[in-house]
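Colleague: I would like to learn how to read empty space in a model. Can you take me through an example?

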Amino acid sequence: MELEPHLRQARDRGRKLLIPYVTAGATPDWPDAVRAIADAGADAIEIGIPFSDPMMDGPVIQQASLVALQAGTTPSGVLDTLASMEPGVPLVVMTYYNIVFRASERRFAGRLAEVGVSGAILPDLQLDEAGSWCEAADAAGVASVLLVAPSTPDERAMAICSRSRGFVYGVGVMGITGERASLATSARQAATRLRRFTDLPVCIGVGVSTPGQAAQVCADADGVIVGSALVHRMLDGATPQDAADFVGAIRKALDSL
Amino acid sequence: MPAPGPDGRFGEFGGRYVPESLVPACMELEGAFRDAWADPSFHAELDGILRDYGGRPTPLTECSRLSDRLGVRLLLKREDLAHTGSHKINNVIGQALLARRMGKRRLIAETGAGQHGVATATAAALFGMECVVYMGEVDTERQELNVFRMELLGTEVRPVRTGSRTLKDAVNEALRDWVASVEGTHYCIGSVMGPHPYPWMVREFQRVVGDEALDQCRAILDGGEPDWVVACVGGGSNAAGTFAGFVDTGAALVGVEAEGGAAITRGTPGVLHGMQSHLLQDEDGQISEAESISAGLDYPGIGPEHAHLAASGRARYERAQDAEVVSAFRLLAETEGIIPALESAHAIAWVVREAGRSIPEGSTVMVTLSGRGDKDVAQVRDLVGREGSAADGA
Ligand SMILES: Cc1ncc(COP(=O)(O)O)c(C=O)c1O
């Protein structure tokens, strides 16, 4: 499934985009959780391939990565699982660049395409280092989603928007992933700013934790990415149905905008 | 050694692999460093502080008794005599001055053995800055005194309980802090690692070691130069600073890694902590945990310029094992009255092992003694108990 047309069509129908994040391997039944979340109204799902040193992640996703690695989760194991998943929405993998570098960019991109993954997010691969990866992803038909931070100057933000595929990931707050008690003002500002630079869907992630915060940010953004708040629940023993209920609650909040 | 290319690379190694949030800060730092390094008033201030406060220049010591025993002429560059007890102060004073130039009032740092943490805490006290040091929990236990030393200097030490709870995890945690605090905070990286411009900038701040040592060698050797130049390598800052002085001489350059942290000889190419270099990792790219008695060398990576020097053949990288390091630690104490840091003892251990083998008898060998061993005395006591002396067996 191609990421960009799928997200554009949904947006152009007036729908706010909801992209939940799940760390692969964080619970034994994570594939069931992914399917249930898809049915609960996700427009795409971010699948975290765990890395030993997740420096952009806060305690929740660090813990999920550790649990997953201790359970023997590997990149190729995750991709094999995704190959047979058929969740009905596009899947986007999120991992750190060393996993890609080690496999080689071309082989990794090719393997993503083979197993039906639509896109990839590499939070430690910024624009100036991303050239050859973006080309490899383009060649394989995989969308390389790039991130813009609140600290990114306008001119650079424009360059990132024009190299990003699928959507533009606007980082909502200066900081690592993790739940926040309230939505940072930088989240809505990010959405408004990026809208001026691109016609791609603009989705905001990092620090969006509740249905209410998701609705707040979507007043200005095309969509949201919700990670730690969901993974936190899964680590605490949420069943796939519980996870789906949480995602369903966010869906409802977005649909009532 | 030349500056890296505009993309921050030494050959294929280096680069700037950081989250987008940190890119503007890395660019600002690069600009500030280029500007300061071309500014004579910056050099004058830095040199003045290193002289009047840091105790530079440090001496070059001829080791007659150990030389006799080894059959090579051994010279030590005495970074153990610099303020705070290691070469780390050279880099930290430079970075603290830069932070001040950029208007940043808070310093953060990672530390392994605690020497870089102590140096950063010292600079923060000297310049009246706020300071937080991240240190793996394993290291806070084996370097307990250094934790208290940092606290005495007014720094907050935050133990890191994730991952292997050593240096690599402390770097992760410092980077996480920096992503959220970058506006008013300077991340004072302690070695020639991290994203561009750090590997280059830290090497330039440490080149004072090599530049001084070259002049001092020439003075002792009637204008001659050493045949061998040896330094221990964790991230590689004392080695890079040393090599910078000798790279244009005929000396063979040798970096000595810990057996359990040998990123060059046992690692493979990879990307971690902002840089492309050599790493200890598995086939999937998950980073392995280094393992060494010396907290300062307990790191699965190495600075990118060393990966390049190894690839180009200008420097070679060797390993020393924990047991021979402890013997070398004791040997230097007993023969020369110098207790080296366990990190520095790696360089000595390699020379002790190779003198008369790969180092031909009669060679002149200059070793950078990166730090003093006070911090390691309790650990070595626990390791060796109170059996016989090292000199008996060596
Ligand atoms: C005395 C001493 N030498 C060497 C090192 C290793 O660092 P580098 O390789 O950057 O010189 C350390 C690090 O903690 C140290 O304390």
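Colleague: How many cavities of 30 Å³ or more does the count come to?

Modeller: The general idea comes first. Rolling a probe the size of a water molecule over the atoms shows where empty space is left. In this predicted model, the count comes to six cavities of 30 Å³ or more. The largest cavity holds about 300 Å³ of space. Its lining is made of 29 residues. Closest to its centre are H87(B), K88(B), G296(B), L297(B) and E343(B).

Colleague: Where does the ligand sit?

Modeller: In the largest cavity. Now read the contacts. The side chain of H87(B) has an N or O atom 3.0 Å from a ligand oxygen. K88(B) places a polar side-chain atom 3.0 Å from an oxygen atom of the ligand. G235(B) uses the backbone: a polar atom there is 3.3 Å from a ligand oxygen.

Colleague: How much of the ligand's accessible area does the protein cover?

Modeller: On its own, the ligand has 390 Å² of accessible area, and the protein covers 97% of that.

Colleague: Which residues surround the ligand most closely?

Modeller: Take the shell as a list, then sort it. There are 18 residues around the ligand, and the closest are S191(B), G234(B), G236(B), S237(B) and S370(B). By class, the shell has five nonpolar, eleven polar and two charged residues.

Colleague: Which domains of chain B does the shell draw on?

Modeller: Check the shell against the domain bounds. Domain 1 (9-50 + 88-198) and domain 2 (56-85 + 207-393) of chain B each supply at least three residues to the shell.

Methods. Residues are numbered from 1 along each chain as its sequence is written. Chains are lettered from A and ligands numbered from 1 in the order in which they are written. This is a predicted model: local features need pLDDT of at least 70, side-chain atom pairs count only at pLDDT 80 or more; totals for chains, interfaces and linings use all residues. Side-chain values use heavy atoms; hydrogens and water are left out. A residue is near a molecule or strand if one of its heavy atoms lies within 4 Å of it. A polar contact is a pair of N or O atoms within 3.5 Å; within protein, one must be able to donate a hydrogen and the other to accept it, and residues adjacent in sequence count only if both atoms are side-chain atoms. Accessible areas come from the Shrake-Rupley method with a 1.4 Å probe; for residues, only the protein chains shown count as cover. On a 1 Å grid over the protein atoms alone, a cavity is a set of points where a 1.4 Å probe fits but cannot get out, and a pocket is an open set with protein on both sides within 12 Å along at least five of seven lines; lining residues have an atom within 4 Å of a point. A molecule sits in a cavity or pocket if more than half of its atoms lie within 2 Å of its grid points. Ala, Val, Leu, Ile, Met, Phe, Trp, Tyr, Cys and Pro count as nonpolar, Asp, Glu, Lys and Arg as charged, and the others, Gly among them, as polar. Domain bounds come from an automatic or database domain assignment. Grid points are joined across faces, edges and corners, and a volume is the space filled by probe spheres set on the points.
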